[in-house]
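Dear colleague,

Please find below the structure that I am handing over to you. My notes on it follow directly after it.

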Amino acid sequence: MLNETIEYNGYWWLPSTPDKKVAGTLKYIPNDSIRLEVIGSLGTDDEILNELHGDESISVIHGFTSDAKHISLFNCFSSGSLNFSCNFPIMRYSCSHLFVGIHMNTFDDECFFKATIQMPELSLWCFPGALQTTLTKKEESSDYTAVSISWATDRPYINSLTFEDFNLSLESCVKYYGEHLSPEIKQYTSLVLESNKDRSFSQFRRLMYLFKQFLSLATLRTVTFSSIKLYCKNEYQELSSGRHYHAIDYMFVQHDKTVQPTLNHFDCLFDYKTIQSSFDSVINKWLSESDDIAPIREHMIDCIKSKRIFSSADFLIVVQALEGFWWRFRDSSYREKNNISRRDRGTNLNTIITQLIGEFDSVWSRLKLNEINIPAVVDSRHYYSHFMPKSKKPNALDGLELYHLTSQLRKLLVCCMLDFMGFSYDEMRDIIKYCNNSILR
């Protein structure tokens, strides 16, 4: 699990020099670091000084642990110390990525056919419903004689769809800790990605991060990974029941340490049940969008997530996200409809906000988008962007007034994001109607 500290002792080497192995200890600390400390140097004698000064990075380091696990470390940066009275240095390597259970040379090695991903927010967004509770009563009595909890041993799919050559599934899972005196049962929902041919980790990572972004938008909060397991057809064991594939753990440092309140499905923009009928089409559209809009998409998601502290920078970020949506998805059709040449001056912010409000306000009157003070948006944008004298931008707001203006613009941005995701107007009405999150109040 990505939230657990682990430590491995073993031998470590570079793929280019497998005969030169040195002993050392690898430690993974959640939200902090992946560090390898070895007695000696992985490089040649001529490379020791460069490693000590951290002048060179090492793309990959291989290892074999005392409990017989293969390790691959990627993007490693060295530092160390050398006592000239001693004939060996102590080297430390700070690494970005850790694979437990396989030796790889690059992220593009096509060796995986399946990945299972856990995110705490996913189980709350899409209830697993794996456990069944049965109550047994006495005849003609209100007393219960037995309480039984059961679950199916096979893992039922909540939903499954095909994207390109991948099968993407939401899977209902149960974990049973078989302590004799205090058994513990946990149910959760996993994201499962599977391909009928070997794929690289880069290809799996792209899809899992896109789905993570989707879940961040759906829950209006920062989503984190709690477990990422990969499966390779060469890593298996033959059992009487069939071939069992060993899970390969992928670990990295998640730097977001923000303490968030417990997620409640009422706090989501929408949950799985709300969009169940259109889940396939929405996810396919979300995954299909070209990579050139990735910065815009991530920017827009960050803008509408709930935040504990507000500043004028948050206002600017929301306005820039609205402008980005307009320039990418609306400006060309607006110019064509109004016969405006591309050589003319770019569409101004007043027109952008006016047009977007006109597009969405008639559909979602609950949000009262027509109450957005457009002159205040324009003046505040220029005032905080260009540090102009406030006397030249008399409609610029600050303090609580700027906060309320930003909240109104976030509602408009939510409408833009739902449209971007491919929801119909009727679906969007239902989402906004039943959403109790403070961002839409």
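I begin with Phe225, which sits in the loop that links α3 (201-219) to β13 (227-239); helices (H or I, at least four residues) and strands (E, at least two) are DSSP runs, numbered from the N terminus. The model is a predicted one, in which local features need pLDDT of at least 70 and side-chain atom pairs count only at pLDDT 80 or more, while totals for chains, interfaces and linings use all residues. Residues are numbered from 1 along each chain as its sequence is written, and side-chain values use heavy atoms, with hydrogens and water left out.

Phe225 has a relative accessible area of 2% and is therefore buried (buried means under 20% relative accessible area, exposed over 50%, partly exposed in between, with a 1.4 Å probe and protein chains only). Beyond its neighbours within four places in sequence, Phe225 has contacts (heavy atoms within 4.5 Å) with Leu2, Ile117, Gln118, Met119, Met208, Tyr209, Lys212, Phe252 and Gln254. Of these partners, Tyr209 is 16 residues from Phe225 in sequence, and their C-alpha atoms are 9.6 Å apart.

The second site is Thr65, which belongs to strand β4 (residues 57-65). Its relative accessibility is 3%, so Thr65 counts as buried. A polar atom of the Thr65 side chain lies 3.0 Å from the backbone nitrogen of Lys69. Setting aside neighbours within four places in sequence, Thr65 is in contact with Tyr8, Asn9, Gly10 and Ile71.

The third topic is helix α12 (residues 425-434), where Met428, Ile431 and Ile432 are buried. Viewed down the axis of α12, these buried residues fall within an arc of 90 degrees, so they line one face of the helix; the arc is that of the directions from the helix axis to the C-beta atoms. Asp426, Lys433 and Tyr434, on the other side of α12, are exposed.

What do the buried residues of α12 pack against? They pack against α4 (272-275), α9 (349-360) and α11 (399-420). The axes of α11 and α12 are 10 Å apart, and the two helices pack at an angle of about 140 degrees (axes are lines fitted to C-alpha atoms, for helices over the stretch in contact, and angles run from 0 to 180 degrees between N-to-C directions). That makes α11 oblique to α12, since angles under 35 degrees count as roughly parallel, over 145 as roughly antiparallel, 65 to 115 as roughly perpendicular and the rest as oblique. Cys415, Leu418 and Asp419 of α11 make the contact with Met428, Ile431 and Ile432 of α12.

Yours sincerely

Note on methods:
Polar contact = N/O pair within 3.5 Å; in protein donor to acceptor, adjacent residues only side chain to side chain.
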